[in-house]
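Here is a short report on the cores and strand pairings of one protein model. The model is predicted.

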Amino acid sequence: MAGGKQTPRQRMIGIMYLVLLGLIALNVPDSLLDAFKNITQSLDKSKENVTKGIDDTYSTFEATKLKEQHDRAFPIYQRAKKASEIAKALNDYVQSLREQLVAEGGGINPVINDVDARDNLDISPRIMITNKKADELKDKINDTRQQLLNLLTPKEQEGISFSLNAVDPPPSLGVSKNWQDAYFGDGIPLGATLTTLAKIQTDTKNAENEVVKKILGRMDQAVVTLDKFQGVAVAPTSYIIAGQPYTADIFLTAYDSKANPTITINGSPVQAIDGKGKYTINTSSEGVFTYSGDIAVKGPDGVKHYPLPTQTYQVARPSAVVSPDKMNVLYIGLPNPMSVSAPGIPKEALRLSMTGGSINGSNGHYIATVSSIGEARINVSGEITKGKVSQLGTSIFRVKRIPDPKAQFAGKSGGNTSAANIRAQDRLFARLDNFEFDAKFNVTRFTLMIAKPRQDVISLSATGSELTSAMKSFMNNVTPGTTVVFKDIIAVGPDGSQRGLDPIVLSAN
């Protein structure tokens, strides 16, 4: 890496500089000194441009990487700033030499826009050689070069080339000179020395620029640093039925807390904080849902995508099951609706069977049918895992007849009512009061007795619930004080059994 790789402009300046040094031995005409001045000014301008480029690089890094990924970027930023500090120390030292030499040469002459004693051949050898400033400068150049290289890893040093060095030139015509004498010794005019120092400053800035860009470029390589470790247990389900084994994968996971991956779930982005994403979704509707996604991570070889396996979850409404111990009843002759669920198990995975009756339905809604008084058992099982059905529980129900209804005529089961109300009715009804089911009973036969004051009792029988024509004729003559009695009332309900109902005794008023 000695010597470094130079740009065409740098090579041209170097060749011109050597040619000019060769002509010095012959004479130091003003045209030659003007050439040195022009080269010096060009080098100073180049140094300014490089300095601006470095400042822009820092500004961009500070506004983006350092702000967005501060924890990761700050150590890299500090390393780059160290390179600038090292380069600045050498640049400041060289600048102090330039200022000392200019002062020794009488300052800047505004007429020629150059140091007044630019053709002087004694100032440079005295200060640089006799006073050992060239020795000190050589050591600082080589030490600065090495310090800059030491800031880079061996891999980062690959491809690095800069011309900041101070090595002895090869022998010329059998004469060997060290670096100090070659550039600052006898026969070197002050103007040429100032040009040499300007070149050293430019080389220093170029070296700083290469090292700073190489260091800050580490952020663009996006190396993943696994700095956080966490134990993880992943189970297919957290809902376990007694007798079912609990299984979970236990492993150690690592992630980079200083770099947030790009996470998408079902095509939508998920925010990542401290290297981890948190997926949150509204669960307003019931059912089984799935999601999958992708995790994109920047690595040394570019962006890599890691698919997220499909995940399944079930949403159920909050519920509480209250089962009274002595009131579980099924009624003969009625469709007994039932809702069945098991926490953590899809409704479509439930399996029901019944003794003492039959049960039909699906998706949590069933109808139980029973035919004889006694006891019925409903067994519930479920497919916990694919192909494996487990018993979930058994519920016992008492089987009863539907309660007897109350016979009614004119909306009454007894008591007083108006004679007009009695005359306006033509049939009996059998109704259930305070019963949960809509169970209908039909009156199949009854006997009617009409007792008017000081008259014989009239007794008539009918089949069905409607008054016969004879009954209607007598009922049309009911007056206040008449007693109307319905007895031997028989009704049949949904279960098909005949029920003898209590008589109805009505007093007309």
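## Nonpolar cores

A nonpolar core is a set of buried Ala, Val, Leu, Ile, Met, Phe, Trp, Tyr and Cys residues joined through side-chain atoms within 4.5 Å. Buried here means under 20% relative accessible area. The largest such core in this predicted model has 45 residues. Phe61, Leu137, Ile141 and Leu197 have the most contacts inside it. Six helices each supply at least two of its residues: helix 2 (30-63), helix 4 (70-104), helix 5 (123-130), helix 6 (133-150), helix 8 (179-184) and helix 9 (190-216). Helix 4 gives the most, with twelve residues.

Take Phe61. Neighbours within four places in sequence aside, Phe61 is in contact with Leu66, Ala73, Ile76, Tyr77, Leu216 and Met219. A second core, separate from the largest one, has 32 residues. Leu334, Leu448, Phe486 and Leu506 are among them.

## Hairpin of strands 5 and 6

Strand 5 (residues 262-265) runs antiparallel to strand 6 (residues 268-270), and three bridges join the two. Ile263 stands opposite Val270 in strand 6. Two residues lie between the strands of this hairpin, and Asn266 takes a positive phi near 50°.

The two faces of strand 5 differ in cover: Ile263 and Ile265 make up the covered face, Thr262 and Thr264 the uncovered one.

## Three-stranded sheet

An open sheet holds three strands in the order 12-15-14, with antiparallel pairing. Strand 12 (336-339) and strand 14 (358-362) are the edges, each pairing on one side only. From one strand to the next, the twist averages 25°.

Strand 14 and strand 15 (residues 365-369) are joined by five bridges. Within that antiparallel pair, Gly361 has Tyr366 of strand 15 as its bridge partner.

Methods. Residues are numbered from 1 along each chain as its sequence is written. This is a predicted model: local features need pLDDT of at least 70, side-chain atom pairs count only at pLDDT 80 or more; totals for chains, interfaces and linings use all residues. Side-chain values use heavy atoms; hydrogens and water are left out. Buried means under 20% relative accessible area, exposed over 50%, partly exposed in between (1.4 Å probe, protein chains only). Helices (H or I, at least four residues) and strands (E, at least two) are DSSP runs, numbered from the N terminus. Two strands pair if DSSP finds at least two bridges between them. Axes are lines fitted to C-alpha atoms, for helices over the stretch in contact, and angles run from 0 to 180 degrees between N-to-C directions. Contact means heavy atoms within 4.5 Å.
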